[in-house]
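Visitor: Before we talk, could you put the sequence and the structure up for me?

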Amino acid sequence: MTKEEVLQTTALFLLDLDGTVYIEDNPIGRMKETLARLRAMGKRLVFLTNNSSKAEWEYREKLARIGLLEGADGVYTSGMAAAEYLKEHFAGRRVFLVATRAVREEFARAGIALDDADPEVCLLAYDTELTFATIKKLDGFLRRGLPFLATHPDDVCPTADGSMPDVGSFLAMFERSSRRTPDLIVGKPYTAMGDALTARFCVPHAQVCMVGDRLYTDIRFAANNGFSSILVLSGETTRAMLDASSERPDLVLPSLNDLV
Ligand SMILES: [Mg+2]
């Protein structure tokens, strides 16, 4: 697709965060103006992340602080999508939620019944406050055969000095200890978050464009959900990595700033 075709067909842009709109605390290039121009064209913007270690309000605070968020913009995480999924498919069930304090509060406010003693379903989010007591508890519930969900599959989370273990690494541990893999993973590149998003923002899949810097999460997510996609080369992926991959984004740009 050309830039013009993408702009013509898209009502809602899903914007990955790290490597796409910012790197750490720094917006990429003139991102603030780029987003303003997209809003002026009537486009809806939703910041989308697989990172379920933070609650919506924490991302809103960060994006506002660095000047990228306007009032009408959406923010959506794999944690929020997982809460929606539980409400729809495990309505009223007691949930063992492995997550940070902020995210546990977000789930409780969303009306999810959290239960650490006698749950009916388990959800592993990105718990950066994880303790051995929690690991032991989840392992026990998994070996008892409880339904097992995870927010996202990423092995590592990028940091300023390399990377740190993410949910995918924890999943490898639980696979060894309890011989269980998740019955469902909610976030990119799968479809549960795509369905939750399109329902929440009332937009047809064909009018959604995913913008991201990772082929195997962002671009695959778009393909799995029937969204169009823009690969930006401002983060993880290089031209050589794209050439070696079977993923085919609809458009490739040096950064999102090159769209407008
Ligand atoms: Mg990224």
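Guide: The questions below go from the metal site to a sheet and then to the nonpolar interior. This is a predicted model, in which local features need pLDDT of at least 70 and side-chain atom pairs count only at pLDDT 80 or more, while totals for chains, interfaces and linings use all residues. Residues are numbered from 1 along each chain as its sequence is written, and side-chain values use heavy atoms, with hydrogens and water left out.

Visitor: Which residues coordinate the magnesium ion?
Guide: Donors here are N, O and S atoms within 2.8 Å of the metal (3.2 Å for Na, K and Ca), and since water is not among the atoms, the site may look incomplete. In sequence the donor residues follow the spacing D-x1-D-x194-D. At 2.1 to 2.2 Å, the ion is coordinated by D16 (OD), D18 (O) and D213 (OD).

Visitor: How many residues apart in sequence are the parts that D18 and D213 tie together?
Guide: D18 lies in the loop between β1 and β2, and D213 in the loop between β13 and α9; helices (H or I, at least four residues) and strands (E, at least two) are DSSP runs, numbered from the N terminus. The pair therefore ties together parts whose separation in sequence is 195 residues.

Visitor: Is D213 buried or exposed?
Guide: Buried means under 20% relative accessible area and exposed over 50%, with partly exposed in between (1.4 Å probe, protein chains only). D18 is partly exposed at 31%. With a relative accessibility of 6%, D213 counts as buried.

Visitor: Which strands are at the edges of the open sheet?
Guide: Two strands pair if DSSP finds at least two bridges between them, and 5 strands form this sheet with parallel pairing, in the order β7-β6-β8-β9-β12. Within it, β8 and β9 pair over 3 bridges, and L123 stands opposite L149 in β9. The strands that pair on one side only are β7 and β12.

Visitor: Which helix gives the most to the largest nonpolar core?
Guide: A nonpolar core is a set of buried Ala, Val, Leu, Ile, Met, Phe, Trp, Tyr and Cys residues joined through side-chain atoms within 4.5 Å, and the largest one has 34 residues. L86 is among those with the most contacts inside this core; leaving aside residues up to four places away in sequence, L86 touches (heavy atoms within 4.5 Å) residues including F107, L123 and L149. The helix that gives the most, with 6 residues, is α4.
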